[in-house]
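Q: Hi! Could you walk me through this one? I'd like to start in the sheet and then hop around a bit.
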Amino acid sequence: YNAPHPNPINSYGKTYGEHREFLEFDKSQHQDLMNYCSSIDIEYSTSVWDVNSAEEICDLNPKMIKVPSASNTHYKMLEVLRDIYKGDVHVSFGMTTYDEQEKLVKFFEEKNQAKNRLILYSCTSGYPVPFKDVCLLEIIKIKDKYQNRVKSIGFSGHHLGISIDIAAYTLGVSWIERHFTKDRTWKGTDHSASLEPAGFSKLTRDLKATYQSLNYKEQEILDIEKPQRDKLKFSK
C-alpha cells in the first residue's frame, strides 16, 4: 500500500495506495452509480477483489457480481459470494490452471450453488492480448467440461478490435465481457485493451446482427429467394 506504483507512468499518486484511493469508488458512490444505471435501463455490476469490497457490494445486492481472474483463488472472498450473496457470480479463468478451475467449481458445488448461479468466462489475461494468445478454442474445452455443471459460459476479451468477440459468440458463449473507456490513450494498463464508445456501439450492433443470423432456414426456398429463383434458376 505504501510502496511506489510498480509502473509510475500509470500512477495517480506517489504510492500504490494513493493510486487506488484516487481511482476506487466507495460504497455510496457505487450506490449512486447503481441508481443511475437503473434510471437509464442498464444493469449495474462491478468486480470485487477482496472480502471487504465483496461484502459492501453484496449489501447493494446487484443481480450479478464479477470475480476477476486475479481473485478467483481468493476463497475467503469467494465464500462471501457463495454463502451470503444470492445473485449470479461471474468468474474469469485468465491465468488459472485447470486444477484451480476445477477447485473453484467444486467449491460452489459443495453448497449446490454452481448450476444456478455460476458463470465461467474463457479469458487470457493481458493488456492487450495478441490474437494468437486469445485461444478461443478454450471456450469449447470449458463448455465440454462445465456447461452441465454451471449456469452459463462466457468470454472475457482483452484483445484489440471486435471481430474476436463475434467468433466467441458463434462458439456458443452466452456472455461477452469487454473493458470500455472514453479514451484509449489515458494512462493505465486497461485502456489500451478497451473499447471507446464508438467501438463498443459497433460491437453490440454486430453481436445483435450475429444473433439474428444464427438460425436455420424455415423452408427450403425462402421468400426472399423466390424472385431470384424465378429469374435466374435454370430449369429444363
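A: Happy to! Keep in mind that this is a predicted model. Strand β3, residues 118–123, is mostly covered, with 6 of its 6 residues buried.

Q: Which residues of β3 are buried on each side?
A: L118, L120 and S122 are buried on one side, and I119, Y121 and C123 are buried on the other. Both faces of β3 are therefore covered, since each of these residues has under 20% relative accessible area.

Q: How many bridges join β2 to β3, and are the two parallel or antiparallel?
A: There are 4 bridges between β2 (residues 88–92) and β3, and the strands run parallel. In that pairing, V89 sits opposite L118 of β3. Between the two strands the chain passes through helix α5 (residues 98–109), making a right-handed β-α-β crossover.

Q: And what about β3 and β4, how many bridges there?
A: β3 and β4 (residues 152–157) are parallel too, joined by 5 bridges. Y121 has G154 in β4 as its bridge partner. Helix α6, residues 138–146, carries the chain from β3 to β4 in another β-α-β crossover, which is right-handed.

Q: Switching topic: which residues form the nonpolar patch on the surface?
A: That would be F25, L33, Y36, I40 and I42, with about 480 Å² of accessible area together. One of them, Y36, lies in helix α2, residues 27–39.

Q: Last one: why does K202 count as partly exposed?
A: Because its relative accessibility is 43%, and partly exposed covers the range between 20% and 50%. K202 belongs to helix α8, residues 197–213. Its C-alpha atom is 32 Å from that of S53, a residue 149 positions away along the chain.

Technical notes: Residues numbered from 1 in each chain as written. Predicted model: local features only at pLDDT ≥ 70, side-chain atom pairs only at ≥ 80, totals over all residues. Heavy atoms only, no water. Patch = residues over 30% accessible without salt bridge, like charges linked within 9 Å, V, L, I, M, F, W, Y side chains within 5 Å. Areas by Shrake-Rupley, 256 points an atom, 1.4 Å probe, with all protein chains shown as cover. Salt bridge = Lys/Arg side-chain N within 4 Å of Asp/Glu carboxyl O. Buried < 20%, exposed > 50% of the residue type's maximum accessible area, 1.4 Å probe, protein only. Pairing = 2+ DSSP bridges. Right-handed = clockwise from strand over helix to strand, strands pointing away.
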